[in-house]
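Me: I am new to this structure. Please take a close look at its salt bridges, and then at how helices pack.

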Amino acid sequence: MDAEEKRIRAFVRVKPAAAFAQDMIKFGPDNKTVDIYIKRDAKKGPVNNTQTDWSFCLDGVLHNASQELTYEAVARSLVAEALLGYHGTIMCYGQTGAGKTYTMTGATAEYQHRGIIPRALQQVFKATAPSPEGCLTVSISYLEIYKETLVDLLAGAGGRGRRAAPLALLDCPQGVRVKGLSIHPVSREEDALSLLFQGETNRVMAEHTLNKNSSRSHCIFTIYLESRFRQSSGVKCIHSKINLIDLAGSERLSKTGSEGQTLKEATYINKSLSFLEQIVRALADPRREHVPFRQSKLTHVLKDSLGGNCNTVLVTNICGEAAHVQETLASLRFAARMKQITAEPLINQIHDPEETVRALEKEITLLKQELAIQDCLANRFFVSYDPLSDSQRAEIKAQVHQYLAGATDEIDVLNLRQVQEVFKQFKLILRHQEDELEARFRSKYILVDRTDLAALAALQEAGLLDGDGCLVDEEHDQAFGTATASRQPGKKKPRRPKEPWKEGVRSSPGKGLDGISPTKGQVVTSTKDLEEKEGTKDQDAAETDAELPRAAAGDDLQRPSSPPARPVAFELFKQEAGSEISRIFKENKSILLARRKRSRAVVQRINSIRREMEGAQQTLEARQQLRCLEGEYADEEGQTIIDEEEYLLITKLGDLKKEYRSGYAELKDLEAEIQYCQHLVDQCRTRLISEFEIWYSESFLIPKDVQEALKPGGHIRPGMIPINRVMCLEEDEQDKFERLQETMLPAWPASASFYRAKRKADQKEIGAQHGTQPSGSASWTCPPQSHQK
């Protein structure tokens with residue numbers, strides 16, 4: 001590519017306006033220059049050297065241009081080169097309300113008004129027609145940068161109720177990568193458009209004076225392409241991506257009148273755009289050695305798109321009114337600076353994994369031959385480097401058993417594979433013995449891990465453990481009908497010293513009372529010792545299940561005679577339609593109870609440590625007073641000499657203080673967890689009752705002829721549409737789609753995928769508004785909510 005082709009291309013698109021300032025904004029005859037003329041301010045006097053005219057030379061001026069003409073001039077060649085392996089970026093820049101989103105996405109209601117992204121997808125999938133030379137794989141991602149926070153607009157599109165993970169920017173050898181961003185493979189144009197429309201519904205929008213639907217964030221829609229071509233020398237694999245960027249518009253607060261949340265969003269937008277302009281200035285200056293890409297999330301993401309191995313096109317959207325001439329002038333200056341940036345587009349070719357495997361297999365064969373030659377020279381004729389056979393493994397296993405039994409003193413090994421097999425057999429024997437020992441203990445006792453504070457608290461409530469976490473005495477055990485391990489009849493077991501509590505060790509949610517093996521950190525009790533605790537747990541579960549029907553039975557007196565009673569219907573709802581949210585509620589409630597029990601155990605431990613600290617402090621003060629009365633001894637340096645007992649008290653007091661601080665910090669963490677879990681329980685309860693009301697109304701309070709469509713197997717699912725839509729005879733989405741097919745398909749044969757994707761997006765949005773989206777299954781989370789709109 002020559003020097004001219006390496007520069008970033010810049011176009012200007014003028015928003016149609018009735019009051020176009022023809023005397024201030026003029027276009028050249030070649031549609032590549034824009035001239036700005038501003039009248040001189042007479043108030044500044046006769047001597048006024050302020051510049052009043054500017055001329056900008058760009059790659060094209062799109063004035064009164066249709067969406068199709070805009071795509072042909074801006075994007076078609078870039079997408080065609082991306083199919084050959086070149087990275088591409090199209091970026092829309094300009095003031096708020098200038099038509100950036102319309103240029104990039106278009107109007108989703110009309111096929112002929114679709115923007116660059118839908119047309120690029122159509123061009124890509126037309127090129128994916130099957131051919132004998134190769135195949136093309138397409139993937140999609142949609143990233144939003146809202147107030148310097150990365151948001152995945154398609155986070156819930158790939159899984160059932162999956163919660164979005166936090167995103168982070170990483171610098172890799174292949175370029176900047178967004179860690180945690182979901183990438184969705186698509187095989188049809190309709191699937192790709194569905195993802196686009198779904199992401200558009202999740203964008204953050206707001207209203208101000210200049211724009212009723214103003215984008216409050218920067219959005220990057222990325223199309224990933226991977227092509228494989230079979231050649232005589234092997235398989236050629238190239239990959240590329242197309243970044244389609246819709247930047248938020250710059251705002252002048254004096255014109256937009258933004259305030260509150262909109263004002264904060266405008267501050268972030270203007271700040272990130274000012275950083276972008278600094279990056280453009282630095283890239284356009286060949287004397288600059290450092291380019292501060294890390295100043296903002298936007299500039300960091302665009303690091304590969306500006307000045308790298310990427311074809312970049314800038315579309316500058318401007319307004320033609322005289323009131324916005326200053327913003328228009330600023331946008332044109334930015335476009336002129338962008339044209340000064342040079343890029344070096346390269347085909348991104350990667351090594352085919354299959355070819356790499358074949359090359360490695362060939363190298364392994366050569367190395368084996370080299371080893372055979374070396375063994376022959378060293379008179380080692382029976383060494384084999386192939387994987388061990390079953391007979392060889394059986395022979396090594398027999399030798400290991402003989403070695404452990406004392407029948408032999410050596411194990412014959414000739415190569416590294418045999419050494420690994422010997423250690424593997426040792427590990428299997430050790431694991432088998434551990435399983436046998438654990439099974440023997442589990443047949444007689446229940447093993448409780450000392451780090452499981454909730455289980456220890458339950459044992460203390462049952463009277464099996466004292467306040468120090470030790471087993472109770474023999475007489476106390478007999479009163480509860482218990483039997484402890486390793487206890488001789490007629491003798492009292494001496495109290496064991498208190499085990500140190502480890503910092504940072506916490507029991508996992510839902511963990512049972514079973515441990516792994518009877519180590520020193522475990523308590524061994526008989527299985528019948530926990531009958532009282534099991535009864536307590538069953539009672540708590542019964543109270544949890546009984547709490548919800550009482551909340552739903554408040555309107556029982558107002559129900560009609562034909563539908564079932566609300567408590568009965570509520571139990572049916574929890575088993576069928578509300579089973580998922582009911583399960584999440586019960587899990588959150590059980591976690592809340594476990595955290596409360598654990599908190600009580602930590603409080604008891606802190607109180608015990610505090611009492612021990614007070615005793616140690618009193619003993620230490622008594623020792624110090626006695627030393628003062630008897631007289632102090634000092635060494636040569638004048639330091640007071642203390643005896644060993646006083647030193648041990650000081651050391652013990654310091655350790656107790658550390659342990660107290662650790663327990664207090666753990667208690668604070670537990671209190672925060674309890675508060676958060678209580679919030680989740682309340683939120684789940686509210687969600688469960690509200691969904692039950694919707695289900696009850698749609699299942700029992702609508703006419704019988706409409707109920708047939710809502711039965712299992714019907715085309716309408718309860719909760720999909722509100723009752724007022726069911727009861728009226730409005731035109732549904734399917735009827736609208738059929739009407740559009742009749743009117744639009746003759747003129748636009750390729751519009752079927754576009755309208756099918758739009759219909760699916762509308763149905764998902766309606767379902768999300770009425771709570772019919774699938775809920776998440778994580779026990780620590782409530783059902784997911786959609787992103788802010």
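Reply: What follows starts with the whole chain, goes through the salt bridges, and ends with two helix pairs.

This is a predicted model: local features need pLDDT of at least 70, side-chain atom pairs count only at pLDDT 80 or more, and totals for chains, interfaces and linings use all residues. Residues are numbered from 1 along each chain as its sequence is written, and side-chain values use heavy atoms, with hydrogens and water left out.

The chain has 789 residues, and 40% of them count as buried. Buried means under 20% relative accessible area, exposed means over 50%, and partly exposed lies in between (1.4 Å probe, protein chains only). There are 22 helices and 21 strands. Both are DSSP runs, numbered from the N terminus: helices are H or I with at least four residues, strands are E with at least two. Take the contacts in the chain with a separation of 6 or more: 71% of them join residues 24 or more positions apart. A contact here means heavy atoms within 4.5 Å.

Now the salt bridges. The structure holds 31 of them. The term means a side-chain nitrogen of Lys or Arg within 4 Å of a carboxyl oxygen of Asp or Glu.

Start with D59 and K339. Their side chains meet in a salt bridge, 3.0 Å from N to O. D59 sits in the loop between β4 (53-57) and β5 (60-63), and K339 in the loop between α9 (325-338) and β17 (349-350), so the pair ties together parts that are 280 residues apart in sequence. D59 is partly exposed, at 27% relative accessible area. K339 is buried, at 19%.

Next, E421 and R393. In this salt bridge the closest N and O atoms are 3.8 Å apart. The pair links distant parts of the chain, 28 residues apart: E421 belongs to helix α12 (residues 416-442), R393 to helix α11 (residues 390-405). E421 counts as buried, at 7% relative accessibility. R393 counts as partly exposed, at 31%.

K668 and E671 stay within one helix. Both lie in α18 (residues 644-700), three residues apart, about one turn of the helix. Their closest N and O atoms are 3.8 Å apart, in a salt bridge. K668 is partly exposed, at 41% relative accessibility. E671 is partly exposed too, at 39%.

There is also a network of salt bridges, which links D171, R294 and K303.

Helix α18 returns in the packing. Its axis and that of α17 (residues 579-630) come within 7 Å and cross at roughly 160°. Axes are lines fitted to C-alpha atoms, for helices over the stretch in contact, and angles run from 0 to 180 degrees between N-to-C directions. The two helices are therefore roughly antiparallel (the term for angles over 145 degrees). α17 passes α18 in a left-handed crossing. The residues of this contact divide into 26 nonpolar, eight polar and 19 charged. Nonpolar covers Ala, Val, Leu, Ile, Met, Phe, Trp, Tyr, Cys and Pro; charged covers Asp, Glu, Lys and Arg; the others, Gly among them, are polar.

The other pair is α1 (residues 67-74) and α4 (residues 116-126). They pack at an angle of about 65°, with their axes 10 Å apart. Their crossing is right-handed. A crossing is right-handed if the near helix is turned clockwise from the far one by less than a right angle, and left-handed if anticlockwise. From α1, the contact uses Q67, E68, Y71 and V74; from α4, it uses I116, R119, A120 and Q123. Those residues divide into four nonpolar, two polar and two charged.

Key. Angles under 35 degrees count as roughly parallel, over 145 as roughly antiparallel, 65 to 115 as roughly perpendicular and the rest as oblique.
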